[in-house]
Amino acid sequence: MRISSSAPRSLLLAGAFIGVLSYGAAAQTASPPAAAPAAAPALPPGSPLIGRPDSEAAAKLAPVAAPPIAAAPDKLPMDKLKVPAGFHLEVYAAGMPNAREMALGDKGTVFVGSRTVDKVYAIINKDGKREVKVIASGLYRPNGVAFKNGTLYIAELSKVSKIENIEDHLDNPPKPTVIYDNLPKDEAHGWKFIAVGPDNKLYVPVGQPGNNVLHDKDHGQIRRINLDGTGAEVIALGVRNTVGFDWNPLTKQLYFTDNGRDWLSEDVPNDKLNRLTKVGEDFGAPYCYQGNIPDPEFGWGHSCSEFTPPVGLMGPHAAALGMRFYTGKMFPASFKDQPIIARHGSWNRTHKFGGDVVVAHLNKDGTVKNIEPIVTGFLQDNKYVGRPVDVMQLKDGSMLISDDWNGAVYRLSHGKSKVAAQ
Amino acid sequence: MRRITTIIAALGLASLAGSVDAADTIEQRAVQCFACHGENGQSEMENTPSLGGQQAPYALIQLFMFREKLRTFEPMNEMTKSFTDDDLQKFSDFLSKLPKPQPPADAGDPARMQRGLALARANRCNSCHNPDFSGKENVPRLANQREDYLNKTLSEYKDNTRHGYDGTMADVMGSVTKEQIPDLAYYISHYR
């Protein structure tokens, strides 16, 4: 599977056109509800069903939930996950229900957030063994973790907190201290990926509060705050939902994944890889998707040319989530300074798409040249056996991959150093 | 409060009636569940759901959430606190194989049924819960669930006092008004 960002644009447009046509046709032929009273309510603003066509095939699709219990290490789908020749994939740690974003401590501790449970985990290297510990619990959707200068930052649904000198207190960590909570409390796209930028600020996204909604000034954006929680500033607008970002090591520009809306069609819109070149850019949601499809509802009166186009398309409903630039030396030279992206995989598509980890090779101008899968097989016979959420490089140049379906973290390495240094 | 007292009394009876030894068969252990949730999971107790025919992945998620106190209801938190992952799995599989609840004998008040149907359609409950409300995977069976329990649950999702495993129901209930919940619950409980 290769997606080029330039060549098939016309194809994609054609696909969009057909998609919109068939969507309209479905809406017209659907029989009106037999007894719908005049006061039948519209769908709530946050509903994932907004825009769902009334067809039998569409009614078969529903958000997929990960099993609540982490898979036992010997039940992980290692025989199904495939990597290219020269690469090697191993289990790094297991037993962390709903493992999501990862952050690396200065002393080698790997911190892992979660979304459907209330915990933050630490994978600790101790006496030649790796051990998983719960270092915080009782949190509400603590998806996001970031580490800077000894401090762990944790992003829950509507607040950001910190634990200082965390690696010195792994056995008895203090409760996190809230540094910022001026955030909406919406469930839809309320969970957060966070990261500290080269400007030493913490980047905190606020997704749109629903599938396809006209959001207010507090949503659909990325903010940055000082590490003490002060100085909040909105730096990107029109962001539907980003669950992964990093800074290009060459240009220091922020790149972020952004998930496209549901229910427009099977094949469009694509998720996006965006690039912020100046503070305050608008990336189009909910008016324009994937840079070239005006939203059938909100696009009227707008043109896609008003908005910053993506640097790459990540596939329909692919749920491109965690993204980090590869800066190590272990992988082949073609990976150097290229973004590696976890595609969690679709639910809003009859034939599921994604469920892999890919590298997006960039052109000299920083746009995506092509997308090359590196770990595949999370999707088997249209069902998930795992779902990758985040990627994170270790100091030796290997890459960790979190999997919220199995509650595990894998390590992807290349060449001779097949097994992680303990 | 009356409900809690009833439940605690029922639990007391259940523990008198059968032991809770983990070595017991799942059928023996389920006697405790049936004390409140009714014989074969067909609840006759106020505000207490029928469990028969529930989707196993959904039941597993709920049992897990009770054990982890991600969903708060003291009798259930207490009941599941010593459950192993294997117990959670066994119970959810067991519940899914019990008979599903049957529609009540009366067909329901036509006006309320029509209002409920319109609401269910407008909010597209059928997309995830299936047109016959049988549910699928992590999405629960709703058909012929107890009306009072549906009322309670929809209200709790509405004011976010019940946190879903993910946020879907909190979003869906965003614009369903409090006044509409009774008709929706009535319709789904009488669905046939």
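Which residues lie on one side of β12(A), and which on the other? In this predicted model, Gln221(A), Arg223(A) and Ile225(A) take one face, while Ile222(A) and Arg224(A) take the other, and all are buried. The legends below cover this strand first, then two loop residues, one pocket and the cavities.

**Figure 1. Strand β12 of chain A, residues 221–225.** The strand is mostly covered, with 5 of its 5 residues buried. Both of its faces are covered. Strand β11(A), residues 202–206, pairs with β12(A) in the antiparallel sense over 5 bridges. β12(A) is also joined to β13(A), residues 233–237, by 4 bridges, and these two strands run antiparallel. Arg223(A) can be followed through both pairings: Val204(A) stands opposite Arg223(A), and Arg223(A) in turn stands opposite Val234(A) in β13(A).

**Figure 2. Asn143(A) in the loop between β5 and β6 of chain A.** The flanking strands span residues 129–136 (β5) and 144–148 (β6). Asn143(A) has a relative accessible area of 1%, under the 20% cut-off, and therefore counts as buried. Its side chain makes a polar contact of 2.6 Å with the side chain of Arg100(A). Leaving aside neighbours within four places in sequence, Asn143(A) is in contact with Arg100(A) and Glu101(A), with Gly113(A), Ser114(A) and Arg115(A), and with Ala155(A). The contact list continues with Trp191(A), Lys192(A), Phe193(A) and Val243(A).

**Figure 3. Gly345(A) in the loop between β22 and β23 of chain A.** β22 covers residues 339–343 and β23 covers residues 356–362. Gly345(A) is buried because its relative accessibility is 1%, where the cut-off is under 20%. Not counting residues up to four places away in sequence, Gly345(A) touches His317(A), Ala318(A), Ala319(A), Phe353(A), Gly354(A), Gly355(A), Tyr384(A) and Arg387(A). The C-alpha atom of Gly345(A) is separated by 8.6 Å from that of Phe378(A), a residue 33 places apart from Gly345(A) along the chain.

**Figure 4. The second largest pocket, with residues from chains A and B in its lining.** The pocket holds about 990 Å³ of space. Its lining comprises 34 residues; those nearest the centre are Val64(A), Ala65(A), Tyr384(A), Trp405(A) and Glu137(B). By class, the lining divides into 22 nonpolar, 5 polar and 7 charged residues. β26 (383–384) of chain A and, from chain B, α3 (56–67) and α5 (85–97) each supply at least two lining residues. α3(B) gives the most, with 4 residues. Tyr384(A), listed here among the residues nearest the centre, is also one of the residues touched by Gly345(A).

**Figure 5. The largest cavity, one of 4 cavities of 30 Å³ or more in the whole structure.** About 680 Å³ of space lies in this cavity. Of its 39 lining residues, Pro63(A), Arg115(A), His189(A), Trp191(A) and Trp347(A) lie nearest the centre. The lining has 13 nonpolar, 16 polar and 10 charged residues. Arg115(A) and Trp191(A), both in this central group, are also among the contacts of Asn143(A).

**Figure 6. The second largest cavity, with about 50 Å³ of space.** The lining consists of Leu157(A), Pro184(A), Asp186(A), Ala188(A), His189(A), Gly190(A), Lys192(A), Val206(A), Gly207(A) and His219(A). These residues divide into 4 nonpolar, 4 polar and 2 charged. His189(A), part of this lining, also lines the largest cavity. Lys192(A) is another residue of the lining, and is in contact with Asn143(A).

Methods:
Residues numbered from 1 in each chain as written. Chains lettered and ligands numbered in written order. Predicted model: local features only at pLDDT ≥ 70, side-chain atom pairs only at ≥ 80, totals over all residues. Heavy atoms only, no water. Buried < 20%, exposed > 50% of the residue type's maximum accessible area, 1.4 Å probe, protein only. Polar contact = N/O pair within 3.5 Å; in protein donor to acceptor, adjacent residues only side chain to side chain. Contact = heavy atoms within 4.5 Å. 1 Å grid on protein atoms, 1.4 Å probe; cavity = no way out; pocket = protein on both sides within 12 Å on 5 of 7 lines; lining within 4 Å. Points joined across faces, edges and corners; volume = space filled by probe spheres on them. Nonpolar A, V, L, I, M, F, W, Y, C, P; charged D, E, K, R; others polar. Pairing = 2+ DSSP bridges.
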